[in-house]
Amino acid sequence: MRLILLFCLVLPLLAQGERRNPLPIPDIAGYSTLKCDFHMHTVFSDGVVWPETRVAEAWRDGLDCLAITDHDDYHPHKETVSTDLSKPHAIAAPLARRLGLVLVPGIEITKGDLHVNALFVTDFNATAGKPLLESLREAKRQNAFTFWNHPGWKGRLDWYPEIDEAHRQGLLDGVEVVNFGKLEPQTLGWIGPKNLTILSNTDIHELVEIPAGQHRESITLVFARSRDLDGIREALKQRRTLAWLRDELWGQPNLLRPLADSLLSARRADKLVIFRNRGSIPLSLQVGQETVFVHANAETRIELPQGPKKVEVLNFHLTAGGNLSFTAEW
Ligand SMILES: [Zn+2]
Ligand SMILES: [Zn+2]
């Protein structure tokens with residue numbers, strides 16, 4: 001009787017179980033690989049969803065970390081919803097804690113055409129009504145990490161003078177090279193020379209909808225010493241990130257190479273080479289004359305190639321141009 005009662009209580013819970021795509025990406029030496037989205041909106045600015053929905057979506061999509069970043073100076077729902085930007089974070093935090101996700105406190109500093117996200121803020125409302133540089137100085141007083149959002153959204157592809165001033169004063173740490181599923185190629189050339197952290201975010205205002213068999217299309221990979229706010233802040237400030245869009249990655253070789261090493265192994269079996277992919281990023285390889293596709297979490301075999309064991313990863317792009325390539329062992 002007790003057992004039947006237990007079944008009656010437990011089964012409905014199991015039946016309602018939410019489904020998570022675990023989206024496994026292996027760690028690299030010394031660091032945890034974290035999947036993050038640092039740019040999302042809710043009804044507390046111009047989004048259409050409640051803060052907890054963002055957390056539930058992030059969990060479903062296999063993320064480790066998210067930031068809700070509503071606009072400081074744009075509140076189209078202010079007749080109905082508070083303009084206090086600490087509220088979306090406060091509402092989302094208990095669910096994030098329960099689901100084991102890291103929720104980064106953030107805002108989108110919104111001054112005309114220039115939008116800069118500030119993460120790890122301690123006073124969510126301190127930049128409202130202030131000009132850009134003053135807002136960024138305020139964010140820095142709070143030890144925030146800052147990055148320029150969607151630089152080309154108004155059709156200008158240049159490094160804006162206002163942004164240059166902020167960067168010169170040490171008020172800007174990174175730039176979105178991917179926003180809302182779109183790569184902005186002009187931003188790639190800024191990453192190395194200007195010493196910027198590279199980011200890929202959704203900037204989602206509606207619900208996050210993902211076609212069957214696919215994953216969230218814009219993700220920032222963060223290589224963190226610890227899976228918490230301090231670890232993520234340190235990694236962002238030290239520029240240990242890669243931008244992931246659909247099946248392609250962009251970044252510096254010092255991170256692309258160890259990630260490729262932890263994802264991919266190659267072994268020889270008689271007259272064959274067998275490539276194994278240990279993660280959720282499919283790998284497109286140029287091996288000699290042959291292009292080899294190694295699906296996520298799968299193996300592909302090819303005839304033993306002649307000539308040098310050089311592998312080019314066609315979907316791992318260096319911000320300085322070209323793709324990652326290296327000499328493999330098999
Ligand atoms: Zn924006
Ligand atoms: Zn935004």
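Histidine 39 is buried in this predicted model. Its relative accessible area is 0%. Histidine 41 is likewise buried, again at 0%. Both values fall under the 20% cut-off, so both residues count as buried.

These two histidines serve the zinc ion (ligand 2), each through NE2. Glu108 (OE) and Asp203 (OD) complete the listed donors. Coordination distances run from 2.1 to 2.3 Å. The angles among the four donor atoms span 80 to 167°. The site of the zinc ion (ligand 2) is classed as irregular. It is not tetrahedral, because that class requires all angles to lie between 85 and 135 degrees. Along the chain, the donors follow the spacing H-x1-H-x66-E-x94-D.

A second metal accompanies this site. The zinc ion (ligand 1) lies 3.4 Å from the zinc ion (ligand 2). Glutamate 108 coordinates both ions.

Isoleucine 281 was examined separately. This residue sits in the loop between strand 13 (272–277) and strand 14 (283–287). Isoleucine 281 is buried, with a relative accessible area of 0%. Beyond its neighbours within four places in sequence, isoleucine 281 is in contact with Ile25, Leu221, Trp244, Leu249, Leu259 and Leu263. Ala296, Asn315 and Phe316 are also among its contacts. For leucine 171, the separation from isoleucine 281 is 110 residues in sequence. In space, the C-alpha atoms of isoleucine 281 and leucine 171 are 33 Å apart.

Conventions: Residues are numbered from 1 along each chain as its sequence is written. Chains are lettered from A and ligands numbered from 1 in the order in which they are written. This is a predicted model: local features need pLDDT of at least 70, side-chain atom pairs count only at pLDDT 80 or more; totals for chains, interfaces and linings use all residues. Side-chain values use heavy atoms; hydrogens and water are left out. Donors are N, O and S atoms within 2.8 Å of the metal (3.2 Å for Na, K and Ca); water is not among the atoms, so sites may look incomplete. Four donors count as tetrahedral if all angles lie between 85 and 135 degrees; four count as square planar and six as octahedral if opposite donors are over 155 degrees apart and all others between 65 and 115; anything else is irregular. Buried means under 20% relative accessible area, exposed over 50%, partly exposed in between (1.4 Å probe, protein chains only). Helices (H or I, at least four residues) and strands (E, at least two) are DSSP runs, numbered from the N terminus. Contact means heavy atoms within 4.5 Å.
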